[in-house]
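Me: I am new to this protein and would like to go through it step by step. Please show me the sequence and the structure before we begin.

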Amino acid sequence: MSPRPISAARLLTCVVLLFCSVGAAAQTQSLPLTSGPVLPLFRALRSVGLDPQRVHGIREAVLDREDIHIWLNDGTIAFTRAVDGRITGAYFEGDGEVLVRPPDRMERASLGLFTGAGVLEEKFSSAYLRFNDDTARELQPYLREPQEASDFVARNNEKARLLAEMDATRLCISFTSAPSAAAAGDVPPVPDRLLHVRVAGEHYGVFDVDFDTRSPEQIMVGKASAPQENETYYDLWMSFPMRSLRRTALSDARFGGPSGPLWTPDVMSISKYTVNAQLDPPRGLTADATLEAVVKQGGARMVLFELSRYLQLKEVEFEGKPLEFLQNEAVEGSEMSRRGNDMFAVVFPAPLQPGAHFSVRFRYAGSVLSDAGGGLLYVGARGTWYPNRGISMANYDLTFRFPRPWSLVATGKRVSLERDGNDFVGHWISEQPIPVAGFNLGEYVRSSAKTGETSVEAFAARGTERRIPPPTKEDKSSQMLSPRPLGTLDPVPFPPPLPNASSAGQLVADRAAQTLGAYSQMLGPYAFSTLSLTENPSAASQGWPGLIFLSSYAYLSHDQLDAMNLSPMDRVLYGEIMMPHELAHQWYGDQVSWASYHEQWLLEALANECALLLLERTRPADAQLVLDSY
């Protein structure tokens, strides 16, 4: 299972009802914050510490949440201070145990990859809890007089404050939502219940056990990996629906699309994106984006969107008025790459009503382009250069202003390209709903070919970067072509002679047209009137609707690949498999998508099969080499 960046994965958050000391009457839960600013609440939730007046001994306490069973056998527990009239967490030290039984062979196998066991059964010495149900009241019968309460708070308060930060967004969503209301014909919403426990285990170290009814799969267990190259990744040990929902029929509301933002996947769908962007090479992008949406699940005030952490929102507008938003509110400067998040929250004036149609306008700017040299730029945030709700079908209307002598290629059909002083202004529209939109910029040599009525264009840099950088971890996790992870190659120089961009581009265009024709016979008609391939200065590639980000390695001739001392498998991979694999995603991925991450691998497998079927026709020995390697 591919590692996931914490910024793109769950923040793992939970909430608590107000709890008083032993013998006191339970306090009334505050009403949801359905109007007014949310930032003060968010800041309080993000930094809440332990309450010295709510420290207790605890013995033989049990917390059961469907498939999750937690025992606080003997120890000390301190609850957090109240926020908006509610207690939102607790910190425990002592003797505890957790038990989670995976429901099927798939999840047992996944858990076994990380722990070596088919059942999670672990003792722990400390745990941080957050919840939004009756957990505090549920624990009340097990509370005792504490020993050394002040020492306990002094020792653990700062840890609790730091752990509170990861849960603030999820708690805000819970505290600002009105009771959910389903649109006509939809499945009734499941009540909002949460229990997140981060434990310090005896054998497996620090890991998370999460029960969240707002998630597509309510039970999740995982662990953050050690930071690597300023990025922290999340190992998802297991994830599955809670017991009471496993017998119910699946519905669109379960996942809300292939990768909608967590906790609000079913709130709304976007039907159209209109983006006007100005590019300032080699790094800058300034944009104005309007999203047309329809509410599917009512009740939410806060809605999550994805946007690169390196792009700063300037303004969000709804019905002609500015909206409050939360974006990396506590992160600045050099901390952005390490701790920043590619997700932000928009706060609407009131809870959304099911079936409502509206538009939201975003203005933002930042540095998401990188210069590979030789007149070749690339977009590091290929899928997060505009505010989006994850991969889902929508129409796109894209306008780019960019300076001469640069050329731009984008998803969709180019309907105009005009000179305006020293700039070009280009306009692209999608010919049908597509799952994602992207672009690339460079001083390109354009080569063209044709298959049937489809125009194929390949864009190669006028110069050539001296060294190809290895792919990012995101690239490596999205590529499933080789028996070993891609990108294990160090950045290496192109061997002399340097490839001629125009001739390399023409060969790529001709081969792509030939492959596209073969796939059209094999899989059905190609969905678009054009196909563009743009050089991507990396060892990895990506196939987007009508636009292939193709590795610079795929522009090399067989002789040049041989001169780079690659393995036989890698020579076949870059020379024969990679481009047909990405072209197959025009069908598997861009027209047929996945219901959840459980099925995502199928699209990679089908793209591999298509590429191998073509390879077997002309180079059967190479096809056999690939199969033997697998």
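**Overall build**

Me: What percentage of the 630 residues in the protein is buried?

Reply: The model is a predicted one, in which local features need pLDDT of at least 70 and side-chain atom pairs count only at pLDDT 80 or more, while totals for chains, interfaces and linings use all residues. Residues are numbered from 1 along each chain as its sequence is written, and side-chain values use heavy atoms, with hydrogens and water left out. A residue is called buried under 20% relative accessible area, exposed over 50%, and partly exposed in between, with a 1.4 Å probe and protein chains only. By that rule, the buried share of the 630 residues is 54%.

Me: How many helices and strands are there in the protein?

Reply: Helices (H or I, at least four residues) and strands (E, at least two) are DSSP runs, numbered from the N terminus. Counted in this way, the protein has 13 helices and 36 strands.

**Strand E25 and its partners**

Me: Which strand pairs with E25 in the antiparallel sense over seven bridges?

Reply: Strand E25 covers residues 395-403, and seven of its nine residues are buried. Two strands pair if DSSP finds at least two bridges between them. E25 pairs in the parallel sense with strand E14 (residues 268-280) over seven bridges, and there Ala277 stands opposite Phe400 of E25. In the antiparallel pairing, Arg401 has Val425 as its bridge partner, and the strand that holds this partner, spanning residues 423-429, is E28.

Me: Which residue does a cis peptide bond join to Arg404?

Reply: One cis peptide bond lies between Pro281 and Pro282, with omega about 10 degrees, and Pro282 sits in the loop between E14 and strand E15 (284-295). Another cis bond, with omega about 5 degrees, involves Arg404. Its partner is found in the loop between E25 and strand E26 (407-410), and that partner of Arg404 is Pro405.

**Strand E17**

Me: Which residue stands opposite Leu304 in E21?

Reply: In strand E17 (residues 302-306), five of the five residues are buried. Met302, Leu304 and Glu306 point one way from the strand, whereas Val303 and Phe305 point the other way. E17 pairs with strand E21 (residues 343-347) in the antiparallel sense over five bridges, and the E21 residue opposite Leu304 is Ala345.

**Positive phi and empty space**

Me: Is Glu60 buried or exposed?

Reply: Glu60 lies in strand E2 (residues 50-65), and its phi is positive, about 55 degrees, although it is not a glycine. Because its relative accessibility is 58%, Glu60 counts as exposed.

Me: What is the volume of the second largest cavity?

Reply: On a 1 Å grid over the protein atoms alone, a cavity is a set of points where a 1.4 Å probe fits but cannot get out, and its lining residues have an atom within 4 Å of a point. The structure holds three cavities of 30 Å³ or more, and the lining of the second largest includes Lys413, Glu431, Ile434 and Phe528. Grid points are joined across faces, edges and corners, and a volume is the space filled by probe spheres set on the points. On that basis, the volume of the second largest cavity is about 60 Å³.

Technical notes: On a 1 Å grid over the protein atoms alone, a cavity is a set of points where a 1.4 Å probe fits but cannot get out, and a pocket is an open set with protein on both sides within 12 Å along at least five of seven lines; lining residues have an atom within 4 Å of a point.
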